[in-house]
Amino acid sequence: MSEPASASSSTFLGMPATAPRGVGHLRGDRPFPQAARDALQNSQLRRNLRHATTTIRGKSGRVIAELPDWQALRDAGSAIKTDVMSRLPELLVELEERVVAAGGVVHWAADAHEANRIVTGLVQATGSERVIKVKSMATQEIGLNEAFEAAGITPVETDLAELIVQLGDDKPSHILVPAIHRNRSEIREIFLRAMPGVDPALTDDPPVLAAAARRYLRETFLSTRVAVSGANFAIAETGTLGVVESEGNGRMCLTLPDTLITVMGIEKVLPSWRDLEVFLQLLPRASTGERMNPYTTMWTGVTPGDGPQNFHLVLLDNGRSAVLADTAGRSALHCIRCSACLNVCPVYERTGGHSYGSVYPGPIGAVLSPQLTGVADNASLPFASSLCGACFDACPVKIDIPSLLVHLRNKAPHAAAEKAAMAAAARIMDRPRWYASAQRAAKMARIAGRRGRGLPPPLSGWTAGRDLPEFPEQTFRDWWSGRTDTPARPAADPPSPGFSSGVSGSDGGSSAGRDASAGPGSSAGGESLAAPESSVGRESSASPDASAGRESSAGWEDER
Ligand code: SF4
């Protein structure tokens, strides 16, 4: 355990906790490679994913290209988020004060257990046995629907895609389009099977499917007194909450019921309305490929006679403070859940969201979920990437996801065989003679027919999903020692500055560049590559290879 921060401190706070196990949806049942292998067998899933991500990418690209200041907006979004993370505690306290002053109630939830307990208790206090829900990643993260059901409360998802997922007893597979893995004939079957009061003559025509959902949801909106939402943003200076959406279901949930309960991750706070302006330009273009999202609902506390008369804000930590504590990893909290990184990710496009095991799939899920849970609980996710960098380019708030992935790979537990292999490789590469011997051994393996096959156990796991490169017939060292065609430096050339001249100068007696007959390596004719060895002031072999085959005491050849 960590030591107390200082000897004078009377209270030991320790490290912030990660999200607890056994509740919520941040951990999968299986490591990513296993789950992805199954997903790759599903050709229908891959067709659906390719179609959907290609369509969204195209739309988004077109509207982003309309903005000449898109890169400046990205910079501004990134800067605002960095500022928020640097003073998150004070902004949250400011937000709490403003919400309370406007007639709301603020609850602080350290983790999923606490948040579920608070929200369930609030609903029970109203006497309602049903809640309507606005699409919310935070409530999925904590498993709120399961908590409701355990308490005898029926949650009804009102976002169309979330409704499809809920009625299909399924899991979301995309942040923005949770039912991206379903096509319209599958949706028709789900509606016929699970939607109350659906017309048995339902077709799979999209307007017909949408009309069926609208009929069912309208009745539910008008007869339910409690709503639960997430929030895209919260403005600290006024205590205002905001939800952006496309269907109008959010507007219904946020205005019709008597009681509104909002569960919001603590990272969603913004200092001021002015900051919101930046994100309201970034989010719709990067997310749905729209210039402006159709519905933006903002509310501040309670307004007598207008909208919900009881408003509760639940501020959710659930591992976020632990992410914040890692100064290299905290930029994952900048995410505004636009899903652009999913739509450009070649891994996501082939495996879909379920393979990630968490409600946060794709590139952002691969860096956020392991940090929320602790890397050991999601150790395969940082490796679920080719590190191509497309996610970084697409991210509207410029989260450097590839660097975060590498950062987390270094924190992930590694198998004993891998650690031993890497330690052995480091020792060999640090010693030129050993390295030369290893190269010769590799050549023998080539002759022995190992090429085209994987490494032998215990290293076989490394080549299970990769091709072992062919060893070249000739190594660089072989080529170097055998070359005969290097032109001599013209006599009139001035000494080259930098590496060569500097080292030669320190050597004073180097044969490199002076005595063309000094040995095989001297054919370098004074070129800079000859210098490192010549700098030791002994019989020089300008050839690195020569060092492997004879006594050499050049400093960089010393075997430590
Ligand atoms: S990481 Fe960036 S691109 Fe991905 S969902 Fe978050 S904001 Fe969007």
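Which residues in α8 are buried? In this predicted model, they are Leu-160, Ala-161, Glu-162, Leu-163, Ile-164, Val-165, Gln-166 and Leu-167. That is 8 of the 8 residues of the helix, which spans residues 160–167, so α8 is largely enclosed by the rest of the structure.

What does the covering? The elements over the buried residues of α8 include β3 (154–157), α9 (184–194) and α10 (206–222). Just past the helix, have a look at Asp-169: this residue follows α8 and has a positive phi, near 50°.

Now let's turn to two of those covering helices. α9 and α10 pack with their axes 11 Å apart, at an angle of about 30°. Angles under 35 degrees count as roughly parallel, so α9 is roughly parallel to α10. As for handedness, α9 makes a left-handed crossing where it passes α10. On the α9 side, the contact is made by Arg-184, Ile-187, Arg-188 and Phe-191, while α10 brings in Pro-206, Leu-209 and Ala-212. Sorted by class, this contact has 5 nonpolar residues, 2 charged ones and no polar ones. If you're tracing α9 by eye, here's a handy rule: an α-helix has 3.6 residues a turn, so residues three or four places apart point the same way.

Next, the ligand. It is surrounded by 13 residues, and the closest are Cys-335, Cys-338, Cys-341, Ile-364 and Cys-395. The shell has 11 nonpolar residues, joined by 1 polar and 1 charged residue.

Two loop residues are also worth a look. Both Ser-339 and Lys-398 have a positive phi without being glycine. Here they are, side by side:

| Residue | Phi | Loop between | C-beta neighbours within 10 Å |
|---|---|---|---|
| Ser-339 | about 75° | α13 (320–325) and α14 (340–344) | 27 |
| Lys-398 | near 55° | α17 (390–394) and α18 (401–411) | 19 |

So is Ser-339 buried or exposed? A residue needs 20 or more such neighbours to be buried, and Ser-339 has 27, so Ser-339 is buried. Lys-398, with 19 neighbours, counts as partly exposed.

Finally, zoom out to the whole protein. You'll find 24 helices and 10 strands in a protein of 560 residues, 41% of them buried. Take the contacts with a separation of 6 or more: 72% of these link residues 24 or more positions apart.

Methods
Residues numbered from 1 in each chain as written. Predicted model: local features only at pLDDT ≥ 70, side-chain atom pairs only at ≥ 80, totals over all residues. Near = placed C-beta within 6 Å. Nonpolar A, V, L, I, M, F, W, Y, C, P; charged D, E, K, R; others polar. Buried ≥ 20, exposed ≤ 12 C-beta atoms within 10 Å, placed from the backbone. Helix = DSSP H or I, 4+ residues; strand = E, 2+ residues; numbered from the N terminus. Contact = placed C-beta atoms within 7 Å. Axes fitted to C-alpha atoms, helices over the stretch in contact; angles between N-to-C directions. Parallel < 35°, antiparallel > 145°, perpendicular 65-115°, else oblique. Left-handed = near helix turned anticlockwise from the far one by under 90°.
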